[in-house]
Amino acid sequence: MPTYDTELSETSSDDSDSAEEEFALAAATVFLVAGAEEARLRRAETRLPSRRYLRRSQLLPNPRHNTPWQVLYDSQDDRAYITTMGIDCGTFHYILESGFQQQWDSATIPRSDTNPSGFPRLSRRSLDAKGALGLIYHYLTSAMPDTALQQIFALVPATIARYRAFALRALRDTLRHLPEARIEWWTSVQECEEDARLIVVRHPLLAGAIGGIDGMNILTAESDDPEIENATYNGWLHGHYTSCVLVFSPRGILRGCVYNAPGSWHDARVARPIYKKLREKTPPGYFLVADTAFPRGLASIAGRIQAPLKSGARLPQDPHERDMLLARNRQLVSYRQTAEWGVRQLRSGFGRLRVPLDINDPIGRSDLLEVCLRSMNVRTTRVGISQIRTVYMRIWQEAEDEDIWSDCENVVFGELRRRDRVARFHHVVVE
């Protein structure tokens, strides 16, 4: 018995020591967890002033009722629609009813906690199809931050990101089926002749010209991947870019394009598909007009891209031939401006292109560029917003005497051209 009593006492002592150790360990764990949580909260408080988003409590309570977007939509004012979305009321509803609403209402918006093949619950969405189309065009036509979109549509950041990505794809698919949004090369001699006639009315020495071509570089974010960073770096512009080549008709319509190419590529490489169309699909005798810096391709398309004379070019000795060459050169200089107008229209009409593109999302970047390019054709055709279209669609011809203005230019600015910042495009004969 004494032995038993001794063993029992020793066992009780061991159990007490173990319990104390467990308690101490639990207390230390609680202390560490509490300390980590306190540190997290303090870091959050430190970052709070720099956070660039709004929470639900700081927004209007119902995204479908009495938001700035709802007020704008209910106004049905063309000027307000064009100012905020680049399209008028008729074009907005035309796109909506041509497939966008059907896609928005029939597909599930991807997210991690939903079944992608499930049936969409439209009543649970913060925006209907009209709101989604308004959201994506507000996003495309401006460089506004997400906080502005939050205020206009009363949505939290996560919802803005999901709806924007889904609406962009739905708009892309819708525009691909709209005739006004097509980007089609000239398919017949008749189409070429119709556009050539518009140019000849204003520039009689450019018989056979059917459009203008120019490159465009869009600022792109830098990548952590050295290979991608090198591919997008443009040594001439000293930055990271995405390259495009665009072809515009005298109607202001985009007839051909190559987009989403690496910024390090030369225009001659980016434009290879355009060269192929000029060689294989363009009737003989028709050509595009470019500036002097744009590459004009190989011998197989010689004469299919024409540009003004370069500075220092040798001129004919015969006075008549020289005058004719310079007169044609002035008209080439004048018409090649149209491609620059088209590029400027794209940049100014779609402010999102002024924000660096996401280098880590090549598919999203391609979709964004495609939607902007197709939307520009829709806007040109249906809304009529195009400087090229305004100048070359015959309306101006009766109100302008081109000979007077050409002579005035020669008299007043002949000497000043030598000091002009674009003097390389204007040639003065030096005896």
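This report walks through a predicted model, moving from the chain as a whole to helix 2 and its neighbours, then to helix 7 and two loop residues.

## The chain as a whole

The chain has 431 residues, and 41% of them are buried. Its secondary structure comes to 15 helices and six strands. Among contacts with a separation of 6 or more, 68% join residues that sit 24 or more positions apart.

## Helix 2 and its two neighbours

Helix 2 covers residues 68-75, and its axis comes within 11 Å of the axis of helix 5, crossing at roughly 100°. At that angle, helix 2 is roughly perpendicular to helix 5. On the helix 2 side, the contact is made by Trp69, Leu72 and Tyr73; on the helix 5 side, by Lys130, Gly131, Gly134 and His138. Sorted by class, the residues of this contact are three nonpolar, three polar and one charged.

Helix 3 is the other partner to look at here. The axes of helix 2 and helix 3 come within 8 Å and cross at roughly 135°. An angle of this kind falls outside the parallel, antiparallel and perpendicular ranges, so the two helices, helix 2 and helix 3, are oblique to each other. Trp69, Leu72, Tyr73 and Ser75 are the helix 2 residues in this contact, and they meet Ala80, Tyr81, Thr84 and Met85 of helix 3. By class, the contact of helix 2 with helix 3 holds six nonpolar residues, two polar ones and no charged ones.

Reading the two contact lists side by side is worthwhile: Trp69, Leu72 and Tyr73 meet residues of helix 5, and Trp69, Leu72 and Tyr73 also appear in the contact with helix 3.

## Aromatic rings around helix 2

How many aromatic pairs does the model have? The count comes to nine. Two of these pairs are set out here.

| Ring pair | Distance between centres | Angle between planes | Arrangement |
|---|---|---|---|
| Trp69 and Tyr73 | 5.8 Å | 40° | tilted |
| Tyr81 and Phe92 | 5.6 Å | 85° | edge-to-face |

Trp69 and Tyr73 are both in helix 2, four residues apart, which is about one turn of the helix. As background, an α-helix has 3.6 residues a turn, so residues three or four places apart point the same way. Are these two rings' residues buried or exposed? Trp69 is buried, with a relative accessible area of 1%. Tyr73 has a relative accessibility of 15%, and because the cut-off for buried is under 20%, Tyr73 counts as buried too.

The second pair reaches between helices. Tyr81 lies in helix 3 (residues 78-85) and Phe92 in helix 4, so this pair ties together parts that are 11 residues apart in sequence. Both Tyr81 and Phe92 are buried.

Which residues do ring pairs link into a cluster? The cluster is made up of Trp69, Tyr73, Tyr81, Phe92 and Phe153.

His93 belongs to the same neighbourhood by contact: leaving aside residues up to four places away in sequence, His93 touches Tyr73 and Gln76. His93 is located in helix 4. With 18% relative accessibility, His93 counts as buried, because that value is under the 20% cut-off.

## Helix 7

Helix 7 runs over residues 157-175 and has 19 residues. From first C-alpha to last, helix 7 reaches 27 Å, close to the 27 Å expected at 1.5 Å a residue. The buried residues of helix 7 include Ile160, Tyr163, Phe166, Leu168, Leu171 and Leu175. Arg164 and Arg172 are also among the buried residues of helix 7.

What covers the buried residues of helix 7? The cover includes helix 4 (89-106), helix 5 (129-140), helix 6 (146-153) and helix 13 (362-383).

## Two loop residues with positive phi

If you are checking backbone torsions, two residues deserve a look. Asn66, a residue other than glycine, has a positive phi near 60°. Asn66 sits in the loop between helix 1 (2-47) and helix 2. Its relative accessibility is 57%, so Asn66 counts as exposed.

His238, likewise a residue other than glycine, has a positive phi near 55°. His238 is in the loop between strand 2 (233-234) and strand 3 (239-248). With a relative accessible area of 62%, His238 is exposed.

Notes
Residues numbered from 1 in each chain as written. Predicted model: local features only at pLDDT ≥ 70, side-chain atom pairs only at ≥ 80, totals over all residues. Heavy atoms only, no water. Expected span 1.5 Å × (residues − 1). Buried < 20%, exposed > 50% of the residue type's maximum accessible area, 1.4 Å probe, protein only. Contact = heavy atoms within 4.5 Å. Axes fitted to C-alpha atoms, helices over the stretch in contact; angles between N-to-C directions. Parallel < 35°, antiparallel > 145°, perpendicular 65-115°, else oblique. Nonpolar A, V, L, I, M, F, W, Y, C, P; charged D, E, K, R; others polar. Phe/Tyr/Trp six-rings, centres within 6.5 Å; stacked < 30°, edge-to-face > 60°.
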